[in-house]
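Work through the exercises below with the sequence and the model side by side. Each task is followed by a solution that goes step by step.

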Amino acid sequence: MTIVLYQQDFWEMLDEGLIHHQSNSNSHIYEESIKASTKYFHWQAWSMPLRSGLRIRTYEITPIDNLIEISEHGNDSKINLSFFLKGNTKTVLQGLTNSADEVVGHNYLEFSPEIKEIDKYAAGQKIFRVQIKIDPTKFFSDFDTNQLQYLPCELQKFVDGSDVKPFHHQGITTPEMQLALQQILNCPFQGAMKSLYLEAKAIELMTLQFSQFIEPVSPAKQPFHLALDDVDRIYQAKEIIIHNLQSPPSLLELSRQVSLNDHKLKQGFRQIFGTTVFGYLHDYRMQQAYMLLATGQMKVKEAAQAVGYASPSSFNSAFKKKFGDNPKAYQVKKSKE
């Protein structure tokens, strides 16, 4: 069964199904969290304003039945950056694009005032997004002309007062973006320090994403075509390697396991994740080690073994090259914070 909910119905059901709504305000630091359960879906959301013109938000929705949500965007002057961490949706922005599907490992930069959006969710599939909302007229107000020229052209128009048409650009979430996202979701600070930390990470994400939309793409860099079935197999391959950090399969073995030839597997990984298969494995190992050491769960040698390094010296070198500190120095630094 497929349930169709219009925007007003959706928000009314959220109000009726509210389980938890908490707002914390301390020394001008404000954050809000909401949790609701309805007969059609479960919902959680969290948001926090940062500097003027900048807000960060996460939300999670798990439909109980197949669900179609139809919403009308208001006349909002803000742009939205959204990063897809869990769950895929079929999305149409009427009058703007019919191919705005939200696929894990991708993200978008969007300005869509007065646009009708149709989202199709599969029953039981958890959807999780991290979003950054920007009011460009406020956030970029102090940028001079030389600085503005390095922004995507649509953002420049907001500041110079030109007419801005609705737009929707999709990008690939690179390992560097994934690391920043994990750091946002595992912020170690509270109060003013939390706000500063999240602001820095939000700006880092913006910078990494914007760079994809201002870099000219040469014919040699045009996307390699992947069928939807191929995309699913690429994500299956990713799951295999991250669940076998200590003994990952060879490229040929991985290709065999997901029934995809090694050329398409390599090209697909580059298109979806912005790196090679084993480049992704390396970055994921480093991200996991970073988190294990940050939380103090393991000693350096244990963390190295947990992420698949038999040689402590190789692990030390890789960690220092990635993060600028050797793992022991990093762990000591974190323990003093």
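The exercises that follow deal with the domains, two residues and three charged pairs. The model is a predicted one, in which local features need pLDDT of at least 70 and side-chain atom pairs count only at pLDDT 80 or more, while totals for chains, interfaces and linings use all residues. Residues are numbered from 1 along each chain as its sequence is written, and side-chain values use heavy atoms, with hydrogens and water left out.

**Exercise 1.** Describe the contact between domain 1 and domain 2.

*Solution.* Begin with the bounds, which come from an automatic or database domain assignment: domain 1 covers 2–211 and domain 2 covers 228–335. Their centres, taken over C-alpha atoms, are separated by 27 Å. To the contact (heavy atoms within 4.5 Å), domain 1 contributes 14 residues and domain 2 contributes 14 residues. Next take the buried area, that is, the accessible area (1.4 Å probe) that two parts lose on being put together, summed over both; for domain 1 and domain 2 this is about 1,200 Å², with 60% of it on carbon and sulfur atoms. Then count the pairs: between domain 1 and domain 2 there are zero salt bridges, a salt bridge being a side-chain nitrogen of Lys or Arg within 4 Å of a carboxyl oxygen of Asp or Glu. Finally, helix 5 (residues 175–185) gives the most to the side of domain 1 that touches domain 2, namely five residues. Helices (H or I, at least four residues) and strands (E, at least two) are DSSP runs, numbered from the N terminus.

**Exercise 2.** Place Thr173 and helix 5 in their surroundings, and decide whether Thr173 is buried or exposed.

*Solution.* Thr173 sits in the loop between strand 12 (167–172) and helix 5. Its relative accessibility is 4%, so Thr173 counts as buried, where buried means under 20% relative accessible area, exposed over 50%, and partly exposed in between (1.4 Å probe, protein chains only). The side chain of Thr173 reaches the backbone oxygen of His106 at 3.2 Å. Leaving out residues up to four places away in sequence, Thr173 touches, among others, Phe83, His106, Gln178, Leu181, Ile272 and Phe273. Helix 5 itself is largely enclosed by the rest of the structure, because eight of its 11 residues are buried, including Pro175, Met177 and Ile184.

**Exercise 3.** Which residues does Phe158 contact, leaving aside its neighbours within four places in sequence?

*Solution.* Locate Phe158 in helix 4 (residues 153–160), where, at 12% relative accessibility, Phe158 counts as buried. With those neighbours left aside, Phe158 is in contact with Ser77, Ile79, Phe111, Pro136, Thr137, Val164 and Phe167.

**Exercise 4.** Compare the settings of three salt bridges, Lys194 with Glu31, Glu199 with Arg51, and Glu253 with Arg256.

*Solution.* Side chains of opposite charge can pair when their charged atoms come close. Lys194 and Glu31 meet at 3.0 Å, N to O; this pair links distant parts of the chain, with Lys194 in helix 6 (residues 191–214) and Glu31 in strand 3 (residues 29–37), 163 residues apart. Both Lys194 and Glu31 are buried. Glu199 and Arg51 meet at 2.9 Å, N to O; Glu199 is buried at a relative accessible area of 15%, whereas Arg51 is partly exposed at 38%. Glu253 and Arg256 meet at 2.6 Å, N to O, and, being three residues apart in helix 8 (residues 251–258), they are separated by about one helical turn. Here Glu253 is partly exposed, at 28% relative accessibility, and Arg256 is exposed, at 55%.

Note on methods
A polar contact is a pair of N or O atoms within 3.5 Å; within protein, one must be able to donate a hydrogen and the other to accept it, and residues adjacent in sequence count only if both atoms are side-chain atoms.
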